Amino acid sequence: MRARDKAAVSALRATLGALDNAEAVPVDAAHLRGVALEESPSGAGATEAARQELSEGRVVEIVRAEVAERLDAATQLTAPAHADRAARLRAEAAVLLRFLDEGRG
């Protein structure tokens, strides 16, 4: 049971990170270029930006991409020395697929 928990924690942390990255608002480099230091924003909250809200479809798409990434990596680990890593990647993919299946039901 302990190994399964580690796979779930690892998969969920990585997927939450991917979702967090997808919510990030792209920084407009052209807007920042050429701003004098005294004109730059400062103070508490000066660098805060509203996050993008992801649709349910986009969340599912990101989770499916995380599953595919793990299964692809597991497929490439063919050496016997990497059997444990491949099994862990497959277990992580199974955890994420279970969440997708629960969302449909």
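Reader: Why is R51 called partly exposed?

Author: The relative accessible area of R51 is 44%, and the definition reserves buried for values under 20% and exposed for values over 50%, with partly exposed in between (1.4 Å probe, protein chains only). Because 44% falls between these two limits, R51 is partly exposed. Please keep in mind that this is a predicted model, in which local features need pLDDT of at least 70 and side-chain atom pairs count only at pLDDT 80 or more, while totals for chains, interfaces and linings use all residues. Residues are numbered from 1 along each chain as its sequence is written, and side-chain values use heavy atoms, with hydrogens and water left out.

Reader: Where is the place of R51, and between which elements?

Author: R51 sits in the loop between α2 (29-32) and α3. Helices here are DSSP runs of H or I with at least four residues, strands are runs of E with at least two, and both are numbered from the N terminus. By that rule the protein chain has four helices and zero strands, and the order of its elements from the N terminus on is α-α-α-α.

Reader: Which residues is R51 in contact with, leaving aside its neighbours within four places in sequence?

Author: With those neighbours left aside, R51 is in contact with D20, N21, E23, A24 and V25, where contact means heavy atoms within 4.5 Å. For V25, which is 26 residues from R51 along the chain, the C-alpha atoms of the two residues are separated by 6.0 Å. In addition, a polar atom of the R51 side chain lies 2.4 Å from the backbone oxygen of D20.

Reader: What makes R70 count as buried?

Author: R70, which lies in helix α3 (residues 56-76), has a relative accessibility of 6%. That value is below the limit given above for buried residues, and therefore R70 counts as buried.

Reader: How do you know that a polar contact joins the side chains of R70 and E92?

Author: The contact between the side chains of R70 and E92 is 2.8 Å, and a polar contact is a pair of N or O atoms within 3.5 Å; within protein, one atom must be able to donate a hydrogen and the other to accept it, and residues adjacent in sequence count only if both atoms are side-chain atoms. Because 2.8 Å is within 3.5 Å, the distance satisfies the definition. E92 is found in helix α4 and is also buried, with a relative accessible area of 3%. Apart from residues within four places in sequence, E92 is in contact with A7, S10, A11 and R70, while the contacts of R70 include S10, A11 and E92.

Reader: Why is α3 called roughly antiparallel to α4?

Author: Two packed helices are described by the angle between their axes and the distance between the axes. Helices α3 and α4 (residues 83-104) pack at an angle of about 155°, with their axes 8 Å apart. The axes are lines fitted to C-alpha atoms, for helices over the stretch in contact, and the angles run from 0 to 180 degrees between N-to-C directions. Angles under 35 degrees count as roughly parallel, over 145 as roughly antiparallel, 65 to 115 as roughly perpendicular and the rest as oblique, so α3 is roughly antiparallel to α4.

Reader: Which residues of α3 and α4 make the contact?

Author: Among them are V60, V63, V67 and R70 of α3, and L89, E92, A93 and L96 of α4. The residues of this contact divide into twelve nonpolar, one polar and six charged, where Ala, Val, Leu, Ile, Met, Phe, Trp, Tyr, Cys and Pro count as nonpolar, Asp, Glu, Lys and Arg as charged, and the others, Gly among them, as polar.

Reader: What makes L89 buried?

Author: L89, whose place is in helix α4, has a relative accessible area of 5%, and this is below the buried limit, so L89 is buried. Leaving out residues up to four places away in sequence, L89 touches R70, A73, A74 and L77. L89 and A74 are 15 residues apart in sequence, and 5.9 Å apart in space from C-alpha to C-alpha.

Reader: Why is A22 called buried?

Author: A22 lies in helix α1 and has a relative accessible area of 18%, which is under the cut-off for burial, and therefore A22 is buried. Not counting residues up to four places away, A22 touches Q52, L54 and I62. Of the 105 residues of the protein chain, 20% count as buried.
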